[in-house]
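Subject: Structure handover

Hello,

Please find the structure below, with notes on what turned up in it. The notes assume no earlier acquaintance with it.

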Amino acid sequence: MSSDSHNRPTPTTDGPPPIQIKRRTLLIGLGALGAMGVIGYWATAAKPNNNGSTFATALRIPPLLESEMLDGERVFRLSAQAGETELVPGVWFATMGFNGTHLGPTLRAVRGEKVRVHVTNNLPVATTAHWHGMLLPASQDGTAHQAIAPGATWKPSWQIDQPAATLWYHPHPHGQTELQVGSGMAGVFLIDEQTPSGLPSDYGVDDIPLIIQDVTVQSGGQRPGTPTTAPIGRIGNTVIVNGTHEPHFAATTRQLRLRVLNASAARCYNLELSTGEQFHLVGTDGGLLPAPSPMGSLLLSPAERAEIVVTVPQDADLVLRSVPHDLGMSKGDDMTSGAEDTFGILRITGAGAATAGGLPTALPSARHPGRASGIERHFILGDTTINGKSMDMDRIDTVVAAGSTEMWMLENTSKRAHNFHVHGTQFVVAAENGGTPEPRNRGWKDTIFIAPGGTAELMVPFGGYADPTTPYMYHCHMLWHEDQGMMAQYVLTDGEPSSEPVMHPNAMHH
Ligand code: C2O
Ligand code: CU
Ligand code: CU
């Protein structure tokens with residue numbers, strides 16, 4: 001992120017020419033990242049920011065990335081880089097980010113526009129840039145099949161063809177996603193419609209992205225520490241929002257739209273307001289709801305987004321916080337997975353919140369598809385497998401007819417909490433645990449939480465981008481599970497759908 005004093009580009013003190021220094025220090029930084037299992041950015045113990053009522057550091061707002069129009073395309077430029085960042089006062093972490101040492105700028109485009117992103121990899125290791133939640137051809141999706149070598153630039157382009165939504169981008173290198181996302185490689189990608197929704201929409205003023213991640217500080221608070229390895233994945237002990245530790249936001253409007261992204265590797269957050277007041281859910285992963293939905297708390301698993309509107313009275317001093325919840329595992333597994341923790345997420349004060357203003361009662365929302373009558377597929381979620389298999393980049397697990405809508409039936413038969421993300425689509429939850437979906441899952445989704453023993457029936461409308469040789473992914477978005485192989489691949493075909501695994505046509509290349 002630009003203009004932040006907490007960013008320390010790698011030091012350039014003694015010795016060799018600048019380029020050399022840069023490369024060497026990057027390698028040192030990455031060496032530390034590589035050792036993260038041992039001395040990384042996570043650790044157990046102290047929970048320093050669990051109340052929130054004293055949070056006083058101004059919330060950082062990720063800058064909007066400037067773009068230029070070139071040959072009818074809106075062109076963005078991102079550079080993946082590494083460095084060190086003071087994520088917690090006095091504690092410097094080896095981090096990675098886009099256009100800065102931690103996190104990335106916000107990209108924003110309007111439905112119908114053609115976009116192109118130049119992604120330059122200035123890391124000494126391969127990376128990728130995946131557009132999570134985007135409807136686009138698989139070849140532009142930024143999975144491990146579109147790896148960007150160190151020094152290379154990848155230039156995907158596509159036409160924005162989906163409703164207004166809060167999407168995001170992050171790397172997807174095979175087996176390395178947790179490391180890179182956990183080190184800070186994540187940013188928001190906002191899609192707008194031509195017609196405004198009536199919701200707060202002044203970026204950074206009353207329309208605020210909240211990128212929530214957990215990091216680990218050693219007890220004593222001096223250094224980065226080691227995360228807890230829990231059944232759900234690796235859990236940090238300190239929460240940061242937009243890279244800000246103990247953040248405070250002074251609202252100047254009565255209605256605040258928070259676009260919450262859980263960009264953590266494994267930790268789930270159960271959001272509520274310290275006042276006990278309700279907030280309104282107005283949007284889920286893939287777009288707006290038909291109407292604001294009042295709720296007292298909201299569970300958000302990794303990669304999920306929730307757009308909520310919080311009413312801020314003039315004299316307000318409140319905290320958006322995460323409170324204990326039920327992940328459906330054994331009590332001990334829930335506890336080590338963070339389900340009993342309380343964390344302040346954001347303190348909000350309303351000293352300047354003079355303007356009145358209500359919420360629209362109806363929102364522009366894309367209509368749900370009818371229940372698909374065609375293909376029904378079943379997916380069993382194991383400990384780190386899908387239908388008993390581990391990810392194989394050379395195996396296509398599922399062949400889907402381009403443009404069709406399928407029913408995907410999920411069942412978590414393991415003792416671990418998971419979630420399930422499908423690339424290249426936004427789906428509708430037809431049923432959850434055999435009944436009506438939870439209110440938080442009634443909008444367009446690309447990722448859904450599934451507790452042990454839980455089930456979900458998804459209506460999945462697939463895109464028309466037939467390409468028999470380039471797969472999309474579907475996987476658990478608990479990043480440790482994903483890296484362990486809880487991922488599979490589908491392609492869109494113009495021909496017959498099938499569920500027999502086939503060898504990847506490009507298998508010879510891998
Ligand atoms: Cu958020 Cu496969 O990605
Ligand atoms: Cu994705
Ligand atoms: Cu999982």
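A residue is called buried here if its relative accessible area is under 20%. By that cut-off, Trp 408 and Tyr 474 are both buried. Please keep in mind that this is a predicted model.

Aromatic rings

Trp 408 and Tyr 474 also form a ring pair, with centres 5.0 Å apart; their planes stand at 75 degrees, so the pair is edge-to-face. Trp 408 belongs to strand S30 (residues 405–412) and Tyr 474 to strand S35 (residues 472–475), so this pair ties together parts that are 66 residues apart in sequence.

How many aromatic pairs does the whole structure hold? The search finds 17. Another of them joins Phe 379 and Phe 420, whose ring centres are 5.9 Å apart; with the planes at 40 degrees, this pair counts as tilted. It also links distant parts of the chain, since Phe 379 sits in strand S27 (residues 376–381) and Phe 420 in strand S31 (residues 418–422), 41 residues apart. Phe 379 has a relative accessibility of 3% and therefore counts as buried. Phe 420, at 0%, is buried as well.

The two pairs meet in one aromatic cluster, formed by Phe 379, Trp 408, Phe 420, Phe 462, Tyr 472, Tyr 474 and Tyr 490.

Copper sites

Which residues coordinate the copper ion written as ligand 3? They are His 418 through ND1, Cys 476 through SG and His 481 through ND1, at 2.0 to 2.1 Å. Along the chain, the donors of this ion follow the spacing H-x57-C-x4-H. His 418 is in strand S31 and His 481 in helix H5 (residues 479–483), so far along the chain that 63 residues separate them. His 418 is buried, with a relative accessible area of 0%, and His 481 is buried with a relative accessible area of 0% too.

The copper ion that is ligand 2 is coordinated by the NE2 atoms of His 130 and His 421, at 1.9 to 2.0 Å. Here the link spans 291 residues, from His 130 in strand S8 to His 421 in strand S31. Both His 130 and His 421 are buried.

His 132

Strand S8 (residues 130–132) also contains His 132. Is His 132 buried or exposed? Its relative accessible area is 0%, so His 132 is buried. The side chain of His 132 makes a polar contact with the side chain of His 477, at 3.3 Å. Leaving aside residues up to four places away in sequence, His 132 touches Leu 167, Trp 168, His 170, Ala 303, Arg 305, His 421, Asp 446, Thr 447 and His 477. One of these, His 421, is a donor to the copper ion that is ligand 2.

A four-stranded sheet

S27 and S30, which carry rings described above, take part in an open sheet of four strands. The order is S27-S30-S34-S32, and the pairing is mixed. S27 and S32 (428–432) are the edge strands, each pairing on one side only. On average, neighbouring strands of the sheet are turned by 25 degrees against each other, direction ignored. S32 and S34 (residues 455–461) run antiparallel and are joined by four bridges. Across from Ala 431 stands Glu 457 in S34.

Regards

Note on methods: Residues are numbered from 1 along each chain as its sequence is written. Chains are lettered from A and ligands numbered from 1 in the order in which they are written. This is a predicted model: local features need pLDDT of at least 70, side-chain atom pairs count only at pLDDT 80 or more; totals for chains, interfaces and linings use all residues. Side-chain values use heavy atoms; hydrogens and water are left out. Rings of Phe, Tyr and Trp (its six-membered ring) pair if their centres lie within 6.5 Å; planes under 30 degrees apart count as stacked, over 60 as edge-to-face and the rest as tilted. Helices (H or I, at least four residues) and strands (E, at least two) are DSSP runs, numbered from the N terminus. Buried means under 20% relative accessible area, exposed over 50%, partly exposed in between (1.4 Å probe, protein chains only). Donors are N, O and S atoms within 2.8 Å of the metal (3.2 Å for Na, K and Ca); water is not among the atoms, so sites may look incomplete. A polar contact is a pair of N or O atoms within 3.5 Å; within protein, one must be able to donate a hydrogen and the other to accept it, and residues adjacent in sequence count only if both atoms are side-chain atoms. Contact means heavy atoms within 4.5 Å. Two strands pair if DSSP finds at least two bridges between them. Axes are lines fitted to C-alpha atoms, for helices over the stretch in contact, and angles run from 0 to 180 degrees between N-to-C directions.
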